[in-house]
Amino acid sequence: MEYGIFTVGDVTTDPTTGRTPTEHERIKATVAIAVKAEEIGLDVFATGEHHNPPFAAPANPPVLLAHLAAKTDRIKLSTSTTLITTNDAVRIAEDYAYLQHLADGRMDLMLGRGNTGPVYPWFGKDIRDGIALAVENYALLHRLWREEDVDWEGRFRTPLQGFTSTPRPLDGTPPFVWHGSIRSPEIAEQAAYYGDGFFSNHIFWPAEHTARMVALYRARFEHYGHGRAEDAIVGLGGQVYLAKNSQDAIAQFRPYFDVAPVYGHGPSLEEYMASTPLSVGSPDQVVEKTLGFREYAGDYRRQLFLVDHSGLPLDTVLHQLDMLGDVVAELRKHDAPALEGSLA
Amino acid sequence: MTRRIVVVSAGLSDPSSTRLLADLLAKETLALLGDAEVEVIELRPLAHALADQLLTGFATGELAAAERAMAQADAVIAVTPVFSASYSGLFKTFFDVLERGTLDGTPVLVAATAGTARHSLVLEHALRPLFSHLQAVVVPTGVFAASEDWGAGGADGALVRRVQRAAGELAALVASRQHTTRPDQFDRDLAALGDFENLLRG
C-alpha cells in the first residue's frame, strides 16, 4: 500500500487574509511540499497538469517532476492527471520515458481526460471526443513504449511509419500507468483491458459512484485475464485537514471550505463531510474515515490525499503534512498483508 | 402490478393552489388506475439541496430520494406556478439537476397555476418543450388553473372536466405500458460500451 499526496496547483486567495500567492510563490511552494512529503515518509507525490488560470501546475508535468527527481531520493513522482486527450501520445511517450531515466525509475503517471471544455480547442481537439481521444491516444502510447518500430494510423494524429519513440523506457520496462475517472465506465474498462491501475479521484462525490466504478474495474480486470478481481490495482483520492482535536480542525478549515472553488457557497462543511470522503478532524477521525474506504473499494494499493488547495498557505500545508505523516504511520498498521510491497 | 405516480409540486405557499391542482390530478388518476400509489414531491423543502446540487453536482438526503423516485415513476404529474411568464426557477432547477435519461419515455401530465388565464399558453410554450427535451411522453391535455377557476368563475366545472380529461389520458397511457426500470447513466454507458475492442475500433 502506497500513501501520498496529489495537488492541482491552484493559485487561490487565502480567504482568511485576502492574500493571493504569486505564481512564482505557488510553484516554489509546490516544490517545498513535495520535498516535505518525502521527509515525512510518504511514498508518492503527484502533480496535476493545467493550461489555464487559476492554476500554476505544469502544462507538462515532467518539467516539475524532473526537478523533484533531483531534489528527492526516495519518493515516487506521479501525475494527477496527465491529459491523454489533448497531449500528443508521442510527446507523452518521449517526455515520461526521459523522466523515468532521470528519476531512475521512481515515477509513474495517471491519465485523465480533463473536464475543462475550453482547453480542448486550444489544442485542436473537441471535448465531445474525450473518450475516443483517451482510447486512441493510449493505444498508441502503449505501443510506443513496447515496440521500437511503430506504424500507426488513427483518427486524431498524423500517421507514423517506422517510428521509434526515444529514449526507450528504462530497462525496457514501460512506466506504470493509472487511468483516472470519476464516472465514465469506459475508462474503468480501459484500465482493466490493459491490466493497468484504476484511480478514482473519489473526493468530490458520494462514495457510491466510486464503489460502482471500482467494482466494474475489478470484474473486468479478471475478465481480461490479468488476475483475480481482488488483486486489481485500485487507487483512491482523499482530502484531509487535521488538527489535534476535531473542533479546531473544523474551525480552521471552514473559512477555506466555505469559499473553495469546487464546493464553496454550497453545502455546509458538515453536510459535505457526511456525503463525500472529505475528512476534517483529529488524526484518529481521519484514520477511521480513511480505513472506511476499503469497505466499498476493497483492499487497494494507493491512497493520495489533497492537502494544499483552496488558498491554504504554505506554512499551514507543511504543518498539515507533519500531522499527515503520523496519520499515515497509523494507517500502515492496518495495511492488508497481501498487498504489501511496491507497484510494478 | 402497482403503478407509481410521482407528483411534483413547485408551489411555495401553504395552502398552495399549485398543490391543490396537483392533488386533484393525482386523485383522479389514482381513481382511474386503481392499483397505484402516489408520491408527492414538494420542491420548497428541497430548495437548498437543489442549489447545493447545482454547485456540487450530486444530490443529498431527501433530494436524492426524490430523484430516485422520479427514475422509478410510471407516471409524473408536474405542476408549477407561473413566474415571469414561465415555470418557476425552482421547478426548472429540479428538472435541470435530474440525471439525463431519468424520464426517458415516462408519461407526464403538465399543469400550471397563475393569477390570470392570460398565462395559460405557458403549458404549450414552456412546459411541453421542456418535457419533450427530457424525452418524456406528454399527454395531449395540459391543465391550467387561474384564480377564477377556483372561485365562483369556475362554477361551471370547466376545470374539473379538464382535470378528468387529462387524468384519463394519463391513466390510459400508463395502463397501456409495462412497468420498466429505466437504467441510469452509468448503466446506459456500460450497455453502450460492449467490449473494449469495440471502443478500440473507434
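A residue counts as buried here if 20 or more other C-beta atoms, placed from the backbone, lie within 10 Å of its own.

## About the model

This is a predicted model, in which local features need pLDDT of at least 70 and side-chain atom pairs count only at pLDDT 80 or more, while totals for chains, interfaces and linings use all residues. Residues are numbered from 1 along each chain as its sequence is written, with chains lettered from A in the order in which they are written.

## Helix α7 of chain A

Let's start with helix α7(A), residues 207–223 (helices are DSSP runs of H or I with at least four residues, strands runs of E with at least two, numbered from the N terminus). Its 17 residues should span 24 Å at 1.5 Å a residue, and the end C-alpha atoms are 24 Å apart, which agrees; the expected span is 1.5 Å times one less than the number of residues.

Buried residues of α7(A) include A:Met213, A:Leu216, A:Tyr217 and A:Phe221, and A:Arg218 and A:Arg220 are buried as well. Among the elements of chain A that cover them are α6 (185–194) and β10 (234–242). Just after the helix, A:Gly225 takes a positive phi of about 80°.

## Where the chains meet

Across the interface, 21 residues of chain A are in contact with 13 residues of chain B (contact means C-beta atoms, placed from the backbone, within 7 Å). On the side of chain A that touches chain B, α6(A) gives the most, with five residues.

## Chain B

Chain B has nine helices and seven strands. Of its 202 residues, 38% count as buried. The C-alpha trace of chain B spans about 70 × 40 × 30 Å along its principal axes.

Conventions
A residue is buried if 20 or more other C-beta atoms lie within 10 Å of its own, exposed if 12 or fewer, and partly exposed in between; C-beta atoms are placed from the backbone. Two residues are in contact if their C-beta atoms, placed from the backbone, lie within 7 Å.
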